[in-house]
Amino acid sequence: MLTQAPKGTRDVLPTDSYRWQYVEARMRQAAAEAGYREVRTPVFEHTELFLRGVGDTTDIVQKEMYTFKDKGDRSITLKPEGTAGAVRSFVESGAFNDPMPCKMYYLNAPIFRYENPQSGRLREHHQFGLECFGAKDASVDAELIMLAYRLLGGLGVKNLSVNINSIGCPRCRPAYHQLLRQYLGERIGCMCDTCKGRFERNPLRVLDCKEKKCQEQVKDAPSMLDVLCDECREHFAQLQKYLSLTGIPYRIDSRIVRGLDYYTKTVFELITTTKDGNLTVCGGGRYDKLVEELGGPSLPGVGFGMGIERVLMLLDGEGIVIPEPRLYDVFVTYMGQNDGPAFSLVQQLRCAGLRADMDHCARSLKAQFKYAGKTGAALTATLGDDEVAQGVVKLKNMATREEQTVPVSEAPQAARAMLEA
């Protein structure tokens, strides 16, 4: 039906958008406090970007991407995640020539994944993400985790826990792959077809399978932490040191691999406990090879993504009410043919920074007052024939019923004084 949104999408209506704006403002503030600046990348990219960056053995690439041919016969994909596009932008713009680290964030970025809609995750959802390029120290990893933890806690999300892991690097991961293949070799016959296909190409992806029967088979799999090289082991120890300094409660979860192939060393998730079980509200990690793989210099990177819909859903679950801003400071009411003076007064009030409007539906004066009450306007400013003839306006506080008549030229100052009284 033309009047029904596609499955997995949802409108943000004017009656609800203020909640998004409130959360987004808090996200912008958190990013700015840590020196992150906004980047805005296209909604779609060349498909190859995600094949090379995200990995062709991931669920995202194999099952979830919205891919199509454009009129130039080029393969185009709607963004299934935010990091690859941010890295492409970083490389294409030559930002790697600037002083490092380069810190950027994206906000309200639409992400598209063809999957069954779930709690706080639609086929089109929106993310807040931070990416930091050029810093290899684990202090940046800890900074991002701390930023996300403080942001979510400050918004009111309760029962937060931080889970961390290290999945090594290209030097130590081959040894783990060999161990994992040995372990999985006796069990792969009982696993899903997707895992069977991943077994030889990328056994690490088997650990990320969501099928119950597969999760049961890998629950006792060897841990990457047992075969980390000296550099990865030291980096992971440094991360724990920094997190301990912040006082953030965290635990090591050797089963975290995240759903993207570009991760190296640190991976992490912020999880909250709900009545329906644990829910991941933020996830991220380090990707020290991705910039180079996408054509840039050899520079490390680390970042995270956080679903805005999921954050709002959690706030609802906590019973947190985001205050709705007042629609109008002043609603101008008028009698008869005084719509011209009313229109001019509305513009005068707006130029003074006040939220103002007038009747546009030819209502009676009584109906205008009633409508002003429904909008929650703090003040009304009435222009009758006598007021227009005298060059004045009658201001009325809708809550206290206090009234005063002032010259039209002084209406903005008088209205502001009544609002602040």
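Two strands count as paired if DSSP finds at least two bridges between them. Helices (H or I, at least four residues) and strands (E, at least two) are DSSP runs, numbered from the N terminus. The model is predicted: local features need pLDDT of at least 70, side-chain atom pairs count only at pLDDT 80 or more, and totals for chains, interfaces and linings use all residues. Residues are numbered from 1 along each chain as its sequence is written, and side-chain values use heavy atoms, with hydrogens and water left out.

**Exercise 1.** Determine the strand order of the open sheet and identify its edge strands.

*Solution.*
1. The eight strands follow the order β1-β5-β6-β11-β10-β9-β7-β8, with mixed pairing.
2. β1 (37-38) and β8 (250-252) each pair on one side only, and are the edge strands.
3. Within the sheet, β6 (residues 124-133) and β11 (residues 301-307) run antiparallel and are joined by seven bridges. L130 has F304 of β11 as its bridge partner.
4. Helix α5 (residues 138-155) packs on the sheet, touching (heavy atoms within 4.5 Å) strands including β6, β7 (160-166) and β11.

**Exercise 2.** Establish how many disulfides the structure holds, and examine C132 and C282.

*Solution.*
1. A disulfide is a pair of cysteine sulfur atoms within 2.5 Å. The structure holds zero disulfides.
2. For C132, the closest cysteine sulfur belongs to C102 and lies 7.8 Å away, which is too far for a bond.
3. C282 is likewise in no disulfide; its nearest cysteine sulfur, that of C132, is 15 Å away.
4. Buried denotes under 20% relative accessible area, exposed over 50%, and partly exposed in between (1.4 Å probe, protein chains only). C132, at 0% relative accessibility, is therefore buried, and C282 is buried at 1%.

Technical notes. Axes are lines fitted to C-alpha atoms, for helices over the stretch in contact, and angles run from 0 to 180 degrees between N-to-C directions.
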